[in-house]
Amino acid sequence: MFCTICGNEIKTGHHFCSVCGRATMFEEKRARTDRLPSFSNSHSLTMFEENRGEVPTFQQIMEKKKGQLDQISKVKSLEREDRFMKKKKTELVKINVGIAHLVKGEIKAKRSTLMPVKVPKSASKGIVQRTAIDKHMAHNCNLPCNEEWQLVYPDFQKVDNIPGTSDFFTVEKYKESIGKSYARVNLFLCRTEDLQGIYNYF
């Protein structure tokens, strides 16, 4: 070790320079400082930053969180829409179904036979017909159970398509076509034999 004042060599174990008298403790402290890594060099700083990784800013964190919340909100919205559509598809409504029969070559509605029947809005002709038959059979033990029945409109035409269109029958479509509430939708069950008897009568 050399003295930084006069340049004289200081022997190990001596605490002062033998020429100028400078204390060796200052030289030892300087030597230790020189051995520490220097961060004044830009390359060293870059290496340090790469090792510790880049810390995201508050704005970046909030933007990422907002993106995650938006994604969750979108998924929840799709789930709610899916549940709504399923509920709408299976929502039950009440319509009225009565009994019609052949009287002197003419189909007429039997009085006091209209009964409320619960069916889905999207119910087709077959579903309405089966539900109505079961309802009438349950409340009228005199109704012949071995007969073949047809579902007919109030004008006693067979239910197939929505009147005036080529659309297949559903309760919802028929209700919209007549412009009435479900509670005022009236249909009838008529025996196939009676429908055929119209033509045989003449």
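**Close-up views of a predicted model**

**View 1. Lys 121 pairs with Glu 91.** At 14% relative accessibility, Lys 121 counts as buried, because the cut-off for buried is under 20%. Its partner in this predicted model is Glu 91: the two side chains form a salt bridge, N to O at 3.5 Å. The pair ties together distant parts of the chain, with Lys 121 sitting in the loop between S3 and H4 and Glu 91 in the loop between helix H3 (58-90) and S1, 30 residues apart. Glu 91 is partly exposed, at a relative accessible area of 37%.

**View 2. Glu 147, Arg 191 and Asp 194 form a network of salt bridges.** Start with Glu 147 and Arg 191, whose side chains meet at 3.4 Å, N to O. This pair also links distant parts of the chain: Glu 147 belongs to the loop between H4 and S4, Arg 191 to strand S5, and 44 residues separate them. Arg 191 has a second partner in Asp 194, and here the closest N and O atoms are 2.9 Å apart. As for exposure, Glu 147 (25%) and Arg 191 (22%) are partly exposed, while Asp 194 is buried at 7%. Across the whole structure, a search turns up five salt bridges.

**View 3. His 136 is tucked into helix H4 (residues 125-139) as a buried residue, at 4% relative accessible area.** Its side chain reaches the backbone oxygen of Val 97 at 2.8 Å. Leaving aside residues up to four places away in sequence, His 136 touches Val 97, Gly 98, Ile 99, Thr 113, Met 115, Leu 143 and Leu 189.

**View 4. The largest nonpolar core has 23 residues.** Those with the most contacts inside this core are Ile 95, Val 97, Val 128, Phe 169, Val 171 and Leu 187. Two or more residues come from each of strand S1 (92-103), strand S3 (115-120), H4, strand S4 (149-152), helix H5 (171-178) and strand S5 (186-191), and S1 gives the largest share, four residues. Apart from this core lies another one, of seven residues, including Ile 107, Phe 156, Phe 188 and Cys 190.

**View 5. Zooming in on Phe 169 and its contacts.** Not counting residues up to four places away in sequence, Phe 169 touches a list of residues that includes Ala 123, Lys 125, Val 128, Tyr 153, Val 159, Ile 162, Tyr 174 and Leu 187. Val 128 and Leu 187 also appear with Phe 169 among the residues with the most contacts inside the largest core.

Note on methods: Residues are numbered from 1 along each chain as its sequence is written. This is a predicted model: local features need pLDDT of at least 70, side-chain atom pairs count only at pLDDT 80 or more; totals for chains, interfaces and linings use all residues. Side-chain values use heavy atoms; hydrogens and water are left out. Buried means under 20% relative accessible area, exposed over 50%, partly exposed in between (1.4 Å probe, protein chains only). A polar contact is a pair of N or O atoms within 3.5 Å; within protein, one must be able to donate a hydrogen and the other to accept it, and residues adjacent in sequence count only if both atoms are side-chain atoms. Contact means heavy atoms within 4.5 Å. A nonpolar core is a set of buried Ala, Val, Leu, Ile, Met, Phe, Trp, Tyr and Cys residues joined through side-chain atoms within 4.5 Å. A salt bridge is a side-chain nitrogen of Lys or Arg within 4 Å of a carboxyl oxygen of Asp or Glu.
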